[in-house]
Amino acid sequence: MLIQAAGLALLAALSPTALLIAAVYLGSARPRLVTAFYLAGAVLMSLIMGVILLAVLRSANLQRPAEHTPRYELRLILGILLLAAAVVVARRTPRPPRWWPTRSR
C-alpha cells in the first residue's frame with residue numbers, strides 16, 4: 001500500500017491532472033485496458049509533438065551546431081536499462097498480500 005501511495009505521490013508531483021485521470025481510470029470496469037490506451041495515447045501525442053517541434057526548429061534554422069558529448073551515450077544506456085527494468089517488473093507475478101497483525105489497545 002505504501003509503495004502504491006508513493007507511486008501516486010510521484011505521479012501527482014509530475015502532473016496533478018495525470019493523477020486525477022489515473023484515479024478515474026482505476027475506478028472503471030477494465031482499468032488495465034483503459035490505462036494502457038491512455039498511456040499509448042500519451043506516448044503517441046508526445047511523439048507527434050516532438051516531430052512537429054523538431055520540424056519547426058529545423059525550418060527556423062534554430063538547431064545547435066553538431067556537438068557530440070559522451071553524455072548522450074550515458075543517457076542512451078540509462079534509458080535502455082530503465083526500459084529493461086520496466087519489462088522485468090511488468091512480467092513478474094504479484095506477491096500475495098501480507099497481513100500485518102493489528103495492535104490491540
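The protein contains four helices and zero strands, and from the N terminus onward its elements follow the order α-α-α-α. The model is a predicted one, with an average pLDDT of 77 for the protein and a score of at least 70 for 72% of the residues. Confidence within the protein is lowest in helix H1, which covers residues 2–14 and has a mean of 66, whereas the highest value, 88, belongs to helix H4, formed by residues 71–91.

Burial and surface composition were considered for the protein as a whole. Of its 105 residues, 2% count as buried. The accessible surface of the protein amounts to about 10,300 Å², and carbon and sulfur atoms account for 72% of this area.

Helix H3 comprises 29 residues, from 31 to 59. Because a rise of 1.5 Å a residue is expected, these 29 residues should span 42 Å, and the C-alpha atoms at the two ends of H3 are indeed 42 Å apart, in agreement with that expectation. Just after H3, Asn61 adopts a positive phi of about 60°.

A nonpolar patch of about 560 Å² is present on the surface, made by Leu44, Met45, Ile48, Met49, Ile52 and Val56. One of these contributors, Val56, is found in helix H3. The relative accessible area of Val56 is 46%, and the residue is therefore classed as partly exposed, since this value lies between the limits for buried (under 20%) and exposed (over 50%) residues.

Helix H4 was examined in the same terms. It has 21 residues and reaches 30 Å from its first C-alpha to its last, a length close to the 30 Å expected at 1.5 Å a residue. The number of buried residues among the 21 of H4 is zero, so this helix lies largely in the open. Helix H4 is thus described both by the highest confidence in the protein, at 88, and by the absence of any buried residue.

Note on methods:
Residues are numbered from 1 along each chain as its sequence is written. This is a predicted model: local features need pLDDT of at least 70, side-chain atom pairs count only at pLDDT 80 or more; totals for chains, interfaces and linings use all residues. Side-chain values use heavy atoms; hydrogens and water are left out. pLDDT is the predictor's confidence in each residue, from 0 to 100. The expected span of a helix is 1.5 Å times one less than its number of residues. Patches are made of residues with over 30% relative accessible area and no salt bridge: like charges are joined within 9 Å, nonpolar side chains (Val, Leu, Ile, Met, Phe, Trp, Tyr) within 5 Å. Accessible areas come from the Shrake-Rupley method with a 1.4 Å probe; for residues, only the protein chains shown count as cover. A salt bridge is a side-chain nitrogen of Lys or Arg within 4 Å of a carboxyl oxygen of Asp or Glu. Buried means under 20% relative accessible area, exposed over 50%, partly exposed in between (1.4 Å probe, protein chains only).
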